2 protein chains.
Amino acid sequence: MQTWDAIASRRNVRSYADRPIGAENLDQILEAGRRAPSSRNTQPWDFVVVTGRTQLQALAKVWVGAGHVATSAATIALITSDIPEHAKRAQFDLGQATMSIMLAAADLGIGSCHSGVGDPDTAGRLLQLPDDRTCSFLISLGYPADRPLAPIKNPDRRPFDELVHRGTW
Amino acid sequence: MQTWDAIASRRNVRSYADRPIGAENLDQILEAGRRAPSSRNTQPWDFVVVTGRTQLQALAKVWVGAGHVATSAATIALITSDIPEHAKRAQFDLGQATMSIMLAAADLGIGSCHSGVGDPDTAGRLLQLPDDRTCSFLISLGYPADRPLAPIKNPDRRPFDELVHRGTW
């Protein structure tokens with residue numbers, strides 16, 4: 001897919017078709033995350049990719065907004081260090097990795113949605129994380145249950161001319 | 001450009017050719033940022049796009065790592081609300097918008113590099129920001145001075161198999 005079509009087609013998908021993601025496609029999506037830039041190239045993340053239905057259904061309960069994880073074909077858990085200073089700094093970089101993952105998915109016609117984690121203890125137990133690691137975000141992935149991804153003409157966003165200032169505010 | 005090529009070609013560019021970015025291309029890059037997702041669609045950002053050389057050279061001094069702004073064809077300043085709770089939450093979303101902007105640029109053969117802001121007061125003055133807004137990041141843009149963007153085979157990143165865990169850690 002052309003890059004612009006992937007950017008224009010990406011939307012939050014919260015209900016997925018019962019169709020797996022091919023191993024090669026899933027690895028390409030993970031590779032997009034691996035390539036994301038980060039402050040001083042610290043790469044403050046690990047990715048745990050979950051495809052088992054029982055585990056996905058359990059993970060879907062770690063936050064009130066994570067229900068979409070249950071029906072996903074795969075979910076990538078973004079894992080960070082527990083050191084508070086690292087965790088705070090990592091937020092921007094995690095955002096970059098997330099966008100890279102979601103656009104690589106959109107390129108393959110695969111929908112995505114990210115979620116915060118309200119109960120990191122349960123998430124850590126389900127993913128068998130070491131004591132010094134935390135699950136910060138979940139990115140669910142799968143083919144949309146409703147309609148295929150297609151470029152969105154008028155996204156629900158503030159108007160371009162309100163948002164963009166030229167030279168000065 | 002195909003999406004995967006844009007993802008694989010994006011790299012930090014810190015020295016730019018003396019060549020402007022066409023207005024249509026610049027608007028497409030800004031539109032990619034506008035379309036980025038954010039927590040509850042709050043869109044916690046404004047973009048000030050700077051193309052004047054004198055202003056770019058002054059902006060390049062707001063942080064020790066912002067030197068690349070001086071030779072850029074354009075720089076997008078990401079502006080956020082000053083309310084501390086908003087500012088903290090916005091970090092992840094700003095990362096998403098930044099990645100979207102950088103990939104849309106790469107798609108057009110345009111390099112990019114982002115920078116933090118060490119002296120927000122000076123940045124705010126240069127951009128004539130209202131009192132309740134802060135310049136959080138700068139994204140410089142331009143055609144690379146060294147070599148065109150091309151897919152990178154072996155990026156300087158942790159090995160895939162070290163980073164990616166299957167099912168559990």
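A:Gln128 is exposed, at 54% relative accessibility. This residue sits in the loop between helix 5 (120–126) and strand 4 (133–142) of chain A. In this predicted model, A:Gln128 has a positive phi of about 55 degrees, although the residue is not a glycine. Most residues other than glycine have a negative phi. A second case is found in chain B, where the phi of B:Arg40, also not a glycine, is positive and near 50 degrees. B:Arg40 belongs to the loop between helix 2 (23–34) and strand 1 (46–50) of chain B and counts as exposed, at 67% relative accessibility.

**Helix 2 and its charged pair**

Helix 2 of chain A covers residues 23–34. Its 12 residues reach 16 Å from the first C-alpha to the last, close to the 16 Å expected at 1.5 Å a residue. Buried residues of this helix include A:Leu26, A:Ile29 and A:Leu30, and A:Glu31 is buried too, with a relative accessible area of 13%. Helix 2 of chain B also has 12 residues and a reach of 16 Å, and its buried residues include B:Leu26, B:Ile29 and B:Glu31.

A:Glu31 forms a salt bridge with A:Arg35, and A:Arg35 is buried at 10% relative accessible area. In chain B, B:Glu31 forms a salt bridge with B:Arg35. Both partners there are buried: B:Glu31 at 13% relative accessibility and B:Arg35 with a relative accessible area of 11%.

**Salt bridges**

Over all chains the structure holds 16 salt bridges. The table gives some of them, with the distance from N to O.

| Basic residue | Acidic residue | N to O distance |
|---|---|---|
| A:Arg11 | A:Asp146 | 3.5 Å |
| A:Arg35 | A:Glu31 | 2.9 Å |
| B:Arg158 | A:Asp46 | 3.1 Å |
| B:Arg35 | B:Glu31 | 2.9 Å |

Salt bridges that share partners join A:Arg11, A:Asp146 and A:Arg147 into one network. What does the pair A:Arg11 and A:Asp146 tie together? A:Arg11 lies in the loop between helix 1 (3–9) and helix 2 of chain A, and A:Asp146 in the loop between strand 4 and helix 6 (160–163), so the salt bridge links parts that are 135 residues apart in sequence. The two ends differ in setting: A:Arg11 is buried, with a relative accessible area of 12%, whereas A:Asp146 is exposed, at 52%.

**How the two chains meet**

A turn of 180 degrees, with a shift of 0.0 Å along the axis, lays chain B on chain A with an RMSD of 0.0 Å. That is the relation of a two-fold axis. The contact takes 63 residues from chain B and 63 residues from chain A. Because 100% of the interface residues of chain B are also interface residues in chain A, the copies meet through the same surface.

The size of an interface is often given as the accessible area lost when the parts come together. Between chain B and chain A about 6000 Å² is buried, and carbon and sulfur atoms give 58% of that area. In chain B, the residues that lose the most area to chain A are B:Arg35, B:Phe92 and B:Trp169, together 15% of what that side buries. Four salt bridges are counted between the two chains, one of them between B:Arg158 and A:Asp46.

**Cysteines**

How many disulfides are there over all chains? The count is zero. For A:Cys113, the nearest cysteine sulfur belongs to A:Cys135 and is 14 Å away. In chain B, the sulfur of B:Cys135 is 14 Å from the closest cysteine sulfur, that of B:Cys113, so the gap is too far for a bond. A:Cys113 is buried at 1% relative accessibility, and B:Cys135 is buried with a relative accessible area of 2%.

How values were computed:
Residues are numbered from 1 along each chain as its sequence is written. Chains are lettered from A and ligands numbered from 1 in the order in which they are written. This is a predicted model: local features need pLDDT of at least 70, side-chain atom pairs count only at pLDDT 80 or more; totals for chains, interfaces and linings use all residues. Side-chain values use heavy atoms; hydrogens and water are left out. A disulfide is a pair of cysteine sulfur atoms within 2.5 Å. Buried means under 20% relative accessible area, exposed over 50%, partly exposed in between (1.4 Å probe, protein chains only). Copies are superposed by least squares on the C-alpha atoms of residues with pLDDT of at least 70 in both. Contact means heavy atoms within 4.5 Å. Helices (H or I, at least four residues) and strands (E, at least two) are DSSP runs, numbered from the N terminus. The expected span of a helix is 1.5 Å times one less than its number of residues. Buried area is the accessible area (1.4 Å probe) that two parts lose on being put together, summed over both. A salt bridge is a side-chain nitrogen of Lys or Arg within 4 Å of a carboxyl oxygen of Asp or Glu.
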